[in-house]
Amino acid sequence: LAELERLAPGKDQCCEDSCTDFWSELYNPDRTAWRVQQGLDLFLKKYPQMPRDIVVPCDFRRDAWYGTDAYERRNPWDMEDGCMK
């Protein structure tokens with residue numbers, strides 16, 4: 001990750017005297033596409049003998065990763081029920 005983060009030096013996210021803007025605008029689709037492209041470019045640079053377009057099926061199982069919440073879901077800004085009351 002450090003190599004990717006060095007591609008976008010900045011001031012937004014800092015850790016141990018190293019700051020990056022790589023993770024800025026997390027919910028911006030264009031910025032996210034840019035991050036993906038940077039990762040692919042870096043991979044190709046590090047492993048030029050590997051094909052760039054490896055297709056791997058997704059085997060993510062949401063139910064296995066996210067267990068059942070032990071806490072009731074509440075809107076924190078709800079003036080009747082939330083923690084902001």
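# Notebook: contacts, a hairpin and a surface patch

**Entry 1, glutamate 3.** I began with the neighbours of glutamate 3: leaving aside residues within four places in sequence, glutamate 3 is in contact with Leu42 and Lys46. A reminder to myself before going on: this is a predicted model. Next I looked up where glutamate 3 sits, and found that its place is in helix H1, residues 2–6. Is glutamate 3 buried, exposed or partly exposed? I noted a relative accessible area of 35% for glutamate 3, so I call it partly exposed. I also checked a backbone distance here. The C-alpha atoms of glutamate 3 and glycine 39 are separated by 9.4 Å, while along the chain these two are 36 residues apart.

**Entry 2, the partner in H2.** I then turned to the side chains. The side chain of glutamate 3 makes a polar contact at 3.0 Å with the side chain of lysine 46. The pair is also listed as a salt bridge, with 3.0 Å from N to O. Lysine 46 lies in helix H2 and glutamate 3 in helix H1, so this pair ties together parts that are 43 residues apart in sequence. How accessible is lysine 46? With a relative accessible area of 42%, lysine 46 is partly exposed. That puts lysine 46 between the cut-offs of 20% and 50% that I use for buried and exposed.

**Entry 3, counting salt bridges.** How many salt bridges does the structure hold? I found two. Besides the pair in the previous entry, I wrote down arginine 61 and aspartate 63, whose side chains meet at 3.9 Å, N to O. My cut-off for that distance is 4 Å, so the pair at 3.9 Å is included. I looked up accessibility for both residues of this bridge. Arginine 61 is exposed, with a relative accessible area of 51%. Aspartate 63 is exposed too, and its value is 59%.

**Entry 4, the hairpin.** Now for the strands. Strand S1 (residues 9–15) and strand S2 (residues 18–20) run antiparallel and are joined by four bridges. The two strands form a hairpin with two residues between them. I picked out one bridge by name: glutamine 13 has threonine 20 in S2 as its partner.

Which backbone angles did I note in the loop? Glutamate 16, found in the loop between S1 and S2, has a phi near 50°, a positive value in a residue other than glycine. Aspartate 17 lies in that loop between S1 and S2 as well, and its phi is positive at about 65° although aspartate 17 is not a glycine. I flagged these angles because most residues other than glycine have a negative phi. Are the loop residues buried or exposed? Glutamate 16 counts as exposed at 74% relative accessibility. Aspartate 17 is exposed with a relative accessible area of 85%.

**Entry 5, threonine 20.** I stayed with S2, since the place of threonine 20 is in that strand. Threonine 20 is buried, with a relative accessible area of 4%. What does its side chain reach? I found the backbone oxygen of alanine 8 at 2.9 Å and the backbone nitrogen of phenylalanine 22 at 2.9 Å. I also made a list of what threonine 20 touches, not counting residues up to four places away in sequence. The list reads Glu5, Ala8, Pro9, Gly10, Lys11, Asp12 and Gln13. Alanine 8 thus appears in the touch list and as the owner of a backbone oxygen reached by the threonine 20 side chain.

**Entry 6, a nonpolar patch.** My last look was at the surface. Which residues form the nonpolar patch there? They are Phe43, Tyr47, Met50, Ile54 and Val56, with about 460 Å² of accessible area together. I followed up on valine 56, which has its place in the loop between helix H2 (29–46) and helix H3 (62–65). Valine 56 is exposed, with a relative accessible area of 63%; the patch asks for over 30%, so valine 56 clears that cut-off. I checked the spacing to another patch member, too. The C-alpha atoms of valine 56 and phenylalanine 43 are separated by 15 Å, and the two residues are 13 apart along the chain.

Conventions
Residues numbered from 1 in each chain as written. Predicted model: local features only at pLDDT ≥ 70, side-chain atom pairs only at ≥ 80, totals over all residues. Heavy atoms only, no water. Patch = residues over 30% accessible without salt bridge, like charges linked within 9 Å, V, L, I, M, F, W, Y side chains within 5 Å. Areas by Shrake-Rupley, 256 points an atom, 1.4 Å probe, with all protein chains shown as cover. Buried < 20%, exposed > 50% of the residue type's maximum accessible area, 1.4 Å probe, protein only. Contact = heavy atoms within 4.5 Å. Polar contact = N/O pair within 3.5 Å; in protein donor to acceptor, adjacent residues only side chain to side chain. Pairing = 2+ DSSP bridges.
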